[in-house]
Amino acid sequence: MTTVLVTGAAGRVGRFLRASLPELGWQLRCTDVAAADGVQAADVTSARALDEVVPGADAIVHLAAQPVEAPWTVIREANLEGCYQVFEAARRHGVRRVVYASSNHAVGLTPNEPDLPAGTPPRPDTLYGVSKVFGEALGRYYAERYGIRVACLRIGTCAETPPNVRALATWLSPGDCARLVDACLRSSDLDYAIVWGVSANTRRTWSLAEANRLGFVPQDDAEEFAGALADATPKPSDDLVGGEFSSADYGIDEVTARW
Ligand code: 15L
């Protein structure tokens, strides 16, 4: 059975994947910065910690990160250093495939338009988004120089149900998240790819062509939750890919003041 190391396994996306990837045939080795039930402690910023958990893994699903905007030092440590150490550990230990949790915020200042390609050029909306662009570039480097197969997932809003009206377009259901990661782990066509992580939402504006090519067939649509949303009024920032993160409230000073 193929062993998949999952970093950030105690986080939101990690919990979804832990619940469903084993049913799809994957044997998981779960890690996070602190140990938890079924999760080993391994700080991704430490090469030594990774040397304990990476050997023997066939693939890595790298989720561990600061998951929203934060002051630079926080982003730098978790998302730049951590990402580098994970790819580097993959190379050192001969891991042939990495699925990297990028984010829509890598291109958050891009206007939403129908069929926006997954490979749309970087337009990060935050330092967090900049860190995801870095991870995508690092992935390309390891793919082209070292032949590691790398899939970068520009994840939308991965949650149990869509939390707001923007997410009626950007939602990635837990089931589709597992199906997407499963496709990226299986695909023999993968060298390097950037794909959107989004469900088959009626209001989706992001193209699934690239993800489909890797074998991803989404099954969920956020529309079934539309009626249940308390506030269904779109915000002006929803015109851009990154939604609220693209607004003035997410500038460096604003975020630092709230930290
Ligand atoms: C992300 O990248 C974040 O990790 C998540 O918390 C949400 O903000 C999501 O994007 C989103 O855009 O909805």
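## Aromatic rings and helices in a predicted model

Phe-87, Tyr-100, Tyr-141, Tyr-142 and Tyr-146 form one aromatic cluster. The model is predicted. Local features are taken from residues with pLDDT of at least 70.

**The rings**

The count of aromatic pairs comes to nine. One of them joins Tyr-142 and Tyr-146. Their ring centres are 5.6 Å apart, and the planes meet at 35°. That pair is tilted, because stacked planes must be under 30 degrees apart and edge-to-face planes over 60.

Where do Tyr-142 and Tyr-146 lie? Both belong to helix H4, which covers residues 127-146. They sit four residues apart, about one turn of the helix.

Are the two residues buried or exposed? Tyr-142 has a relative accessible area of 2%, so it is buried. Tyr-146 reaches 32% relative accessibility, so it counts as partly exposed. The cut-off for buried is under 20%, and exposed begins over 50%.

**Charges over rings**

Tyr-146 has another partner: the charged end of Arg-91 sits over its ring. Tyr-250 also has a charge over its ring, from Arg-258. The table gives the distances from the charged end to the ring centre.

| Charged residue | Ring | Distance to ring centre |
|---|---|---|
| Arg-91 | Tyr-146 | 5.1 Å |
| Arg-258 | Tyr-250 | 5.2 Å |

**Two packed helices**

H4 packs with helix H3, residues 72-92. The angle between them is about 15°, and their axes are 10 Å apart. Angles under 35 degrees count as roughly parallel. H3 and H4 are therefore roughly parallel to each other. H3 passes H4 in a right-handed crossing.

**A loop residue**

Which loop holds Asp-115? Asp-115 is found between strand E5 (97-103) and H4. Its phi is near 60°, a positive value in a residue other than glycine. Asp-115 has a relative accessible area of 57%, so it is exposed.

**A covered helix**

Helix H6 runs over residues 174-186. How far should its 13 residues span, at 1.5 Å a residue? The expected span is 18 Å, because the rise is multiplied by one less than the number of residues. The end C-alpha atoms of H6 are 18 Å apart, which agrees.

H6 is mostly covered, with 10 of its 13 residues buried. Among them are Pro-174, Cys-177, Leu-180, Val-181 and Leu-185. The buried residues of H6 also include Asp-176 and Asp-182.

Definitions and conventions
Residues are numbered from 1 along each chain as its sequence is written. This is a predicted model: local features need pLDDT of at least 70, side-chain atom pairs count only at pLDDT 80 or more; totals for chains, interfaces and linings use all residues. Side-chain values use heavy atoms; hydrogens and water are left out. Rings of Phe, Tyr and Trp (its six-membered ring) pair if their centres lie within 6.5 Å; planes under 30 degrees apart count as stacked, over 60 as edge-to-face and the rest as tilted. Buried means under 20% relative accessible area, exposed over 50%, partly exposed in between (1.4 Å probe, protein chains only). A charge sits over a ring if NZ of Lys or CZ of Arg is within 6 Å of the ring centre and within 35 degrees of the ring normal. Axes are lines fitted to C-alpha atoms, for helices over the stretch in contact, and angles run from 0 to 180 degrees between N-to-C directions. Angles under 35 degrees count as roughly parallel, over 145 as roughly antiparallel, 65 to 115 as roughly perpendicular and the rest as oblique. A crossing is left-handed if the near helix is turned anticlockwise from the far one by less than a right angle, and right-handed if clockwise.
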